[in-house]
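Visitor: Please take a close look at a single part of this model for me, and then follow the connections outward from that part. I would like the cut-offs stated as you go.

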Amino acid sequence: MAEPLRVCVTGAAGQIAYSLLYSLGRGEVFGPNQPVTLFLLDIQPMLGVLDGVVMEMMDCALPLVNEIVPTADPQVAFKDIDFAILVGAMPRREGMERKDLLKANAKIFESQGKALDQFAKKTVKVLVVGNPANTNALIAHKCAPSIPKENFTAMTRLDQNRAQAQVAARVGVPSNAVRNVIIWGNHSSTQFPDVRHGDVSIDGKHVPIYEAVKDDAWLKGDFITTVQKRGAAVIAARKLSSAMSAAKGIVDHVKDLWCGTPPDEYVSMGVISDGNSYGVPEGLIYSFPCKILPDHTYEVVTGLEIDTFSREKMDATAKELVEERDSAMTFLSADANL
Ligand code: NAD
Ligand code: LMR
């Protein structure tokens with residue numbers, strides 16, 4: 001057996017964590033031969049609830065779970081960790097946009113970025129899920145200057161899964177027959193779900209999505225708005241934001257970061273823009289198509305052709321990220337310079 005990986009989940013008493021922890025403990029993310037030590041961080045008033053979660057995790061009798069450490073202290077939670085899954089944050093309610101959460105959540109990512117900088121391994125991989133995820137990831141990265149900026153990612157995998165599932169249902173194939181759908185930009189209603197480079201496996205052949213769907217108006221209209229507004233639709237129906245599907249997005253994202261992507265396939269993640277890809281301003285955490293290598297590093301897929309329709313949408317979501325960054329600054333300490 002390998003040494004246990006030290007994995008921290010924040011917001012561990014919340015609803016996404018409740019759907020996530022079992023998968024982490026079962027080996028669905030890091031594999032069937034990789035034990036994990038789970039550091040579960042929540043705020044002090046939630047420690048009672050967290051105790052119940054820990055009891056249930058124990059009662060699952062999962063052999064890969066080496067130890068579970070519930071805590072309200074970031075120093076304990078982040079000490080020498082390999083992975084940080086930052087979920088803990090306020091979710092939005094009906095009628096809000098995710099960026100409306102900046103006032104409540106920006107400070108959390110400032111203090112957790114600083115704590116990661118101090119206590120985590122310098123090789124730690126950080127996935128930000130708490131909304132607004134891209135800008136929170138930017139805040140955490142800026143507050144952790146000793147950790148490579150490429151180690152910070154924001155989750156747009158739920159959006160990718162939503163887009164894939166919509167196309168699969170339309171064509172009448174299983175969702176894993178659809179590949180290389182891209183989410184560009186922000187995990188928000190300005191994101192651009194782009195199917196122009198993707199395909200559907202039909203009778204052993206990879207058919208371009210536009211050819212397989214045979215409904216350009218849907219792909220350029222309702223498909224895009226359905227994916228953009230899916231989070232709000234779930235909130236309107238459930239009166240709570242998505243949790244099961246968010247946990248599945250985390251599992252997919254972290255598993256790919258750990259194991260790599262298959263040849264000829266890429267996945268979408270919010271990653272730091274170097275200013276050289278697709279005209280996206282440098283320094284934003286923007287969702288790009290990425291190939292992940294077996295050593296847990298990634299490369300942004302380059303050279304995809306961008307038409308005018310896509311260009312406009314990619315620019316609009318970048319513009320929103322610039323605005324979010326500027327507005328986040330007003331909620332942070334003077335030393336947290338974005
Ligand atoms: P929840 O309210 O059920 O749980 C959040 C938990 O975080 C609570 O237990 C809370 O006490 C804890 N928390 C608050 N501040 C904390 C801190 N400083 N440190 C540690 N824990 C802290 O919410 P949820 O449904 O689990 O959602 C969590 C976040 O994830 C929300 O911001 C939500 O909008 C976001 N989300 C993102 C995506 C995505 O695709 N990126 C998808 C779904 C939800
Ligand atoms: C989602 O996409 O479901 C989450 O980000 C929750 C939300 O606020 O929409």
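Guide: Ligand 2 is surrounded by Arg92, Arg98, Asn131, Leu158, Arg162, His187, Gly231, Ile235, Ser241 and Ser242, where a residue counts as near a molecule or strand if one of its heavy atoms lies within 4 Å of it. The model is predicted, and local features need pLDDT of at least 70 while side-chain atom pairs count only at pLDDT 80 or more, although totals for chains, interfaces and linings use all residues. Residues are numbered from 1 along each chain as its sequence is written, chains are lettered from A and ligands numbered from 1 in the order in which they are written, and side-chain values use heavy atoms, with hydrogens and water left out.

Three side chains of this surrounding make polar contacts (pairs of N or O atoms within 3.5 Å; within protein, one must be able to donate a hydrogen and the other to accept it, and residues adjacent in sequence count only if both atoms are side-chain atoms). A polar side-chain atom of Ser242 lies 2.4 Å from an oxygen atom of ligand 2, that of Arg92 is 2.5 Å from a ligand 2 oxygen, and for Asn131 the distance to an oxygen of ligand 2 is 2.8 Å. On its own ligand 2 has 260 Å² of accessible area, of which the protein covers 94%; such areas come from the Shrake-Rupley method with a 1.4 Å probe, and for residues only the protein chains shown count as cover.

Asn131 leads onward to ligand 1, which has 26 residues around it, the closest being Gln15, Asp42, Met90, Val129 and Asn131. The side chain of Gln15 places an N or O atom 2.8 Å from an oxygen atom of ligand 1, whereas Met90 uses a backbone N or O atom, 2.8 Å from a ligand 1 oxygen. A nitrogen atom of ligand 1, in turn, is 3.1 Å from an N or O atom in the side chain of Gln112. Of the 870 Å² that ligand 1 exposes when taken alone, the protein buries 87%.

Asn131 also begins a cis peptide bond to Pro132, with omega near -5°, and Pro132 belongs to the loop between β5 (125-128) and α5; helices (H or I, at least four residues) and strands (E, at least two) are DSSP runs numbered from the N terminus.

Beyond that loop, α5 (residues 133-142) packs with α4 (residues 102-119) at an angle of about 30°, their axes 7 Å apart, where axes are lines fitted to C-alpha atoms, for helices over the stretch in contact, and angles run from 0 to 180 degrees between N-to-C directions. On the α4 side the contact (heavy atoms within 4.5 Å) is made by Leu102, Asn105, Ala106, Phe109, Glu110 and Gly113, and on the α5 side by Thr135, Asn136, Ile139 and Ala140.
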